[in-house]
Amino acid sequence: MSAPRATWRRAYGAIALALLVAGCSGRQAALNPAADQAALINDLWTLMLWVCGFMYVLVLAFLGNALWRARRVLTAEPLSHGAESPAEAPLRRVLTGWFGLILGGLIVLSLGSFLIDRSLANARRDAALKIKITAAQWWWKVEYEGATPDQRIATANELRLPVGRPAMLELQAEDVIHSFWIPNLGGKQDLIPGRINSLLLTPRRVGEYRGQCAEFCGLQHAKMALDATVVSGQDFSAWRAQQLAPAPAPSTPEQVRGHEIFMSGPCATCHQIVGTPAAGQTGPDLTHVASRRSIAAGARPYSFDALRDWLRDPHTIKPGNHMPQVQLSDADLNALTSYLDSLK
Ligand code: CUA
């Protein structure tokens, strides 16, 4: 083998290993569980890996052995008709052993699957936080129920959960079938138009995670992410209070101009900003848009510049999305971005 080829092969190996290991940790990884449900699924996965891995190694060992022996059989004298091969008696024992092993493996897998399923179904759901999640092309509407209508919170593309408290998600879709999946927290659940599905998550570890739509739902399926943040109960209460507050009034002349553009232009037809006349329901609620980790369902990390780029030309960042392009001068674009950036 030539030297450059060997180097390439080593590089490919290193990249493959890095990708493999990267899949086991991080903020979008089923093998790095941060909730009861994800931990149970991870346990079942580990059991399946060991049982299937063990069987796979055994099959390969027997295959290798058979190939090795076949070389000798081919060169041996043919047996006379009706005579039993000297290898047949041990072969029968081996096959009986195999049968027992396969049966045992299947019993272990079925039992493991049954017990994990039962634990998932029996998980504690008293005093669960109720959250309604509606999927649409290509974003997530997230609504927290409150004791009274004025205690209700609407946000978009972000899910914040208090650690240790079960959260009961009510999942539905507006247009096509989507699939809700935050690998670190739990399994997948489809969102189907005209139907309500539910999913229980009980976070156990504070941190930032990432969810991703897991069912092809059109052109921007890949850019349909969800920022999930698990915080302490105290931080959750503080966040809730902040989200319940109406949007702050514009405080600089530029923000005032941006507010005017928003209210008089097409923006207010599709988006809601609580505390202003804007009450559109077609697009994401923007009351506290500047407090989010990303824009456009995870398409870009949140920043002033990212927001301005998005407002200038949403179809370069996310081709085919349903936000119309609004023609604005540079000054108006800056004013609009300044106003939205003040909505913390
Ligand atoms: Cu929504 Cu894929």
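**A walk through the model, from its cavities outward**

The largest cavity here has a volume of about 70 Å³. Keep in mind that you're looking at a predicted model. Searching the whole structure turns up 2 cavities of 30 Å³ or more. Rolling a probe the size of a water molecule over the atoms is what shows where empty space is left. Around the largest cavity sit 13 lining residues, and those nearest its centre are Lys141, Ala154, Gln281, Gly283 and Asp285. Two elements, β2 and β3 (153-156), each give two or more residues to that lining.

Let's stay with β2 for a bit. Is it buried or exposed? Mostly covered: 6 of its 6 residues are buried. Both of its faces are covered, with Trp139, Lys141 and Glu143 buried on one side and Trp140, Val142 and Tyr144 buried on the other. So Lys141, which we just met at the cavity, is a buried residue of β2, as a relative accessible area under 20% counts as buried.

Now for the strands that pair with β2. β1 and β2 make a hairpin, with 2 residues between them. The two run antiparallel and are joined by 6 bridges; one thing to look for is Ile133, whose bridge partner in β2 is Val142. β2 also runs antiparallel to β3, this time with 4 bridges, and here Tyr144 stands opposite Ile153 of β3.

This hairpin also feeds the largest nonpolar core. Of the 33 residues in that core, Ile131, Ile133, Trp140, Leu159, Phe180 and Leu185 touch the most other members. The elements giving two or more residues to it are β1 (129-136), β2 (139-144), β4, β5 (167-173), β8 (197-201), β10 and α4. Zoom in on Ile131: leaving aside neighbours within four places in sequence, its contacts include Val142, Tyr144, Leu159, Leu161 and Met168. Apart from this core lies another one, of 25 residues, with Phe262, Trp310, Leu340 and Leu343 among them.

Just ahead of β1 in the chain, have a look at Arg124, in the loop between α3 (88-121) and β1. It is partly exposed, with a relative accessible area of 43%. Beyond its neighbours within four places in sequence, Arg124 is in contact with Gly164, Pro166 and Leu200. Its C-alpha atom is separated by 27 Å from that of Ser25, 99 residues away along the chain.

Next comes an open sheet of 3 strands, in the order β4-β10-β9 and with mixed pairing. Its edge strands, β4 (158-162) and β9 (207-212), each pair on one side only. On average, neighbouring strands in the sheet are turned by 25 degrees against each other, ignoring direction. β9 and β10 (residues 225-231) run antiparallel, with 6 bridges between them, and Gln212 finds its bridge partner in Ala225 of β10. Helix α4 (residues 233-244) packs on this sheet, touching β4 and β10, and its direction makes about 135 degrees with that of β4.

Last stop: the largest pocket, with a volume of about 740 Å³. Of the 38 residues lining it, His271, Gly283, Pro284, Trp310 and Met323 are closest to its centre. Trp310 is also a member of the 25-residue core, while Gly283 turned up at the largest cavity too. Which element gives the most to the pocket lining? That's α7, with 3 residues. α6 (267-270), β11 (294-295), α7 (304-312) and α9 (330-341) each supply at least two.

Notes
Residues are numbered from 1 along each chain as its sequence is written. This is a predicted model: local features need pLDDT of at least 70, side-chain atom pairs count only at pLDDT 80 or more; totals for chains, interfaces and linings use all residues. Side-chain values use heavy atoms; hydrogens and water are left out. Two strands pair if DSSP finds at least two bridges between them. Axes are lines fitted to C-alpha atoms, for helices over the stretch in contact, and angles run from 0 to 180 degrees between N-to-C directions. Contact means heavy atoms within 4.5 Å. A nonpolar core is a set of buried Ala, Val, Leu, Ile, Met, Phe, Trp, Tyr and Cys residues joined through side-chain atoms within 4.5 Å. Buried means under 20% relative accessible area, exposed over 50%, partly exposed in between (1.4 Å probe, protein chains only). On a 1 Å grid over the protein atoms alone, a cavity is a set of points where a 1.4 Å probe fits but cannot get out, and a pocket is an open set with protein on both sides within 12 Å along at least five of seven lines; lining residues have an atom within 4 Å of a point. Grid points are joined across faces, edges and corners, and a volume is the space filled by probe spheres set on the points.
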